[in-house]
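Dear colleague,

I am passing the structure below on to you, and my notes on its pockets and on one of its helices follow it.

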Amino acid sequence: MTANPAAQRPARRVGRRGFLAGGLGVLAAAAGGGAWALDRYVLDHVEVSGASGITAQNVAVAEAAGTGTATATTWTSDTSTITIETVSTGSGSDKITYFVADVQVSDATIVRSAFANDQFGENITANPSEIAASVNAVLAINGDYYGFRETGIVIRNGVKFRDSGARQGLAFYADGSMKLYDETATTADELLAAGVWNTLSFGPGLVQGGKVIDGIDQIEVDTNFGNHSIQGNQPRTGVGLIAANHLLFVVVDGRSSGYSRGVTMPEFAQIFAGRGASVAYNLDGGGSSAMVFRDSLVNNPLGKGQERGTSDILYVAG
């Protein structure tokens with residue numbers, strides 16, 4: 001198992017952007033520190049525009065089929081097959097509803113990442129369905145919300161955008177494999193040289209070697225003001241690998257009694273392990289958890305049917 005330097009993890013976010021815009025605005029009027037917080041957590045800071053136009057240097061990118069055969073829950077093309085299953089367990093206040101997308105691709109580069117507004121930087125957000133539409137994604141889930149952090153190794157579609165290791169990350173390799181790794185023990189350049197196609201930086205890792213990782217019910221990602229634990233019953237998004245180029249995208253709804261209570265971190269990990277994942281990783285969750293299939297929202301975020309803006313998505317190109 002890779003190291004999981006949770007204690008080194010900086011802020012993911014302070015509540016959510018809308019909350020901050022109002023709450024920190026009040027602080028800004030009251031103290032200079034509020035103005036700093038508005039700048040850090042609310043105002044857009046674009047570092048790279050037209051991010052998708054930057055070409056990967058170490059990976060040959062496959063061309064997505066673009067067209068395929070679809071039903072309400074399936075997709076088949078020359079480069080990908082997708083099957084989405086809705087699962088409900090329990091009843092009443094103990095009911096859980098989640099969505100599993102079984103994804104197989106002909107080449108690892110068919111699974112890609114996209115940024116909100118095609119811009120890399122801090123606090124830049126758009127709804128996952130909007131980001132998905134901008135890249136003609138067949139299937140998408142929310143990513144790691146990298147833009148609310150200043151740290152983490154961010155490699156997307158074979159391009160380095162940030163090299164500030166701080167936590168346990170997930171690396172997608174061009175050979176179709178996926179590995180948990182310690183960001184503090186390597187660099188973005190080393191990862192690119194090893195054939196990494198994408199990285200995600202949130203965590204924790206859920207499954208390693210087909211088994212649920214011990215201690216994931218104790219990890220706290222964020223401890224700064226205005227944020228809350230990732231533990232307990234929560235909506236969640238994660239990604240796992242069954243075999244090379246065979247992935248699972250899982251979104252669990254939550255915080256909606258009678259529809260879905262959400263799941264604990266060990267329960268989330270068990271969903272992946274029970275379906276044969278050898279590796280799995282937790283992404284941004286809560287109200288951010290979203291799955292989009294062919295321009296339609298699959299899940300029901302917080303039982304309200306409304307998406308929340310995020311920095312990025314992970315998607316299947318076609």
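**Pockets and a helix**

Strand S6 gives four residues to the lining of the largest pocket, the largest share. This is a predicted model, in which local features need pLDDT of at least 70 and side-chain atom pairs count only at pLDDT 80 or more, while totals for chains, interfaces and linings use all residues. Residues are numbered from 1 along each chain as its sequence is written, and side-chain values use heavy atoms, with hydrogens and water left out.

The largest pocket (on a 1 Å grid over the protein atoms alone, an open set of points where a 1.4 Å probe fits, with protein on both sides within 12 Å along at least five of seven lines) has a volume, the space filled by probe spheres set on the points, of about 400 Å³. Its lining (residues with an atom within 4 Å of a point) holds 21 residues, with Ala51, Ser52, Gly53, Ser113 and Asn157 nearest the centre. The elements that give two or more residues to that lining are strands S6 (111–115) and S10 (159–164), strands being DSSP runs of E with at least two residues.

The second largest pocket has a volume of about 200 Å³, and of its 13 lining residues Gly66, Asn136, Ala137, Val138 and Ala317 are the closest to its centre.

In helix H5 (residues 265–274), a DSSP run of H or I with at least four residues, the buried residues (under 20% relative accessible area, 1.4 Å probe, protein chains only) are Met265, Phe268, Ala269, Ile271, Phe272 and Ala273. Just after H5, glycine 276 takes a positive phi of about 90°.

With best regards

Notes. Buried < 20%, exposed > 50% of the residue type's maximum accessible area, 1.4 Å probe, protein only.
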